Amino acid sequence: MGTAQVAIAPGTAVEPAKALDDLLKLFEMEVVGVAKAMPADKYSFAPSAATFATGSPEKFGGVRSFSAEVTHIAEANYYFYSAVSGLKPDVDMAALQKMTNDSNVPKDDAVKVLLSSLAFAHKAIATITAVNAFTAIKPIDGQNTRASLAAFGVAHGYDHYGQMVEYLRMNGIVPPGSK
């Protein structure tokens, strides 16, 4: 699935930035595909009690809309990967947080900020070397090395990717990764 990868012989040393960037590229392919698959008129969709069987014990107050899921991933990317690299985010973080708190961000705006955050994440990962990958940094969400925080950034994104996949399915859309 996705782009072809060049085979690396077992036992070959791989730079941490390359290994981590490959992980990010796989996530990027998946999440951008899902973000683009949701029609613009469904970007404000969020599950509600009405979506499920009467009497469902599930609570839906505060559930993010699809657009908020997309912009939350972008916001988290800037947060995690600026800590990985020390690079300053190339966006206004207060404006991005405002977008994340808005459940009606237009599709084009949400996809644009997602793509920008992923480009920033790639730049940040490129700063990871064999020397600094496992040197302690200020802990973020329990991750205290550049390598573990970079991997955690992808893992966190996949949590939200899974929710986005469910939102697509709730709207009768087959996620790109399932086609």
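These numbered points go through the fold, the core, one helix, the hairpin and one loop residue of a predicted model.

1. Overall layout. The chain contains five helices and two strands. Their order along the sequence is α-α-α-α-β-β-α. The two strands thus named are S1, residues 136-140, and S2, residues 143-145.

2. Burial and surface. The chain has 179 residues, and buried ones make up 41% of them. Its exposed area is about 9600 Å². Carbon and sulfur atoms supply 57% of that area.

3. Contact range. Take the contacts between residues at least 6 apart in sequence: 74% of these join residues at least 24 apart.

4. Core. The largest nonpolar core holds 45 residues. Inside this core, Val31 and Tyr81 have the most contacts. Helices H1 (16-37), H2 (66-85), H4 (107-125) and H5 (146-170) each give two or more residues to the core, and S1 does too.

5. Val31. Which residues does Val31 touch, not counting those up to four places away in sequence? They are Ile73, Leu114, Leu118, Tyr161 and Met164. Leu114 and Leu118 are among the buried residues of H4.

6. Helix H4, geometry. H4 has 19 residues. From first C-alpha to last, H4 reaches 27 Å. That is close to the 27 Å expected at 1.5 Å a residue.

7. Helix H4, packing. The buried residues of H4 include Ala110, Val111, Val113, Phe120, Ala121 and Ile125. Polar or charged side chains are on the list as well: Lys107, Ser117 and His122 are buried. The buried residues of H4 pack against H1, H2, H3 (93-100) and H5.

8. Hairpin. S1 and S2 pair in the antiparallel sense, over two bridges. Ala136 has Thr145, in S2, as its bridge partner. Two residues lie between the strands of this hairpin. Asp141 takes a positive phi there, near 50°.

9. Asn104. This residue sits in the loop between H3 and H4. Is Asn104 buried or exposed? Its relative accessibility is 52%, so Asn104 counts as exposed; the cut-off for exposed is over 50%. Leaving aside neighbours within four places in sequence, Asn104 is in contact with Ser44 and Ser67. Lys42 is 62 residues from Asn104 in sequence, yet the two C-alpha atoms are 9.5 Å apart in space.

Technical notes: Residues are numbered from 1 along each chain as its sequence is written. This is a predicted model: local features need pLDDT of at least 70, side-chain atom pairs count only at pLDDT 80 or more; totals for chains, interfaces and linings use all residues. Side-chain values use heavy atoms; hydrogens and water are left out. Helices (H or I, at least four residues) and strands (E, at least two) are DSSP runs, numbered from the N terminus. Buried means under 20% relative accessible area, exposed over 50%, partly exposed in between (1.4 Å probe, protein chains only). Contact means heavy atoms within 4.5 Å. Accessible areas come from the Shrake-Rupley method with a 1.4 Å probe; for residues, only the protein chains shown count as cover. Two strands pair if DSSP finds at least two bridges between them. A nonpolar core is a set of buried Ala, Val, Leu, Ile, Met, Phe, Trp, Tyr and Cys residues joined through side-chain atoms within 4.5 Å. The expected span of a helix is 1.5 Å times one less than its number of residues.
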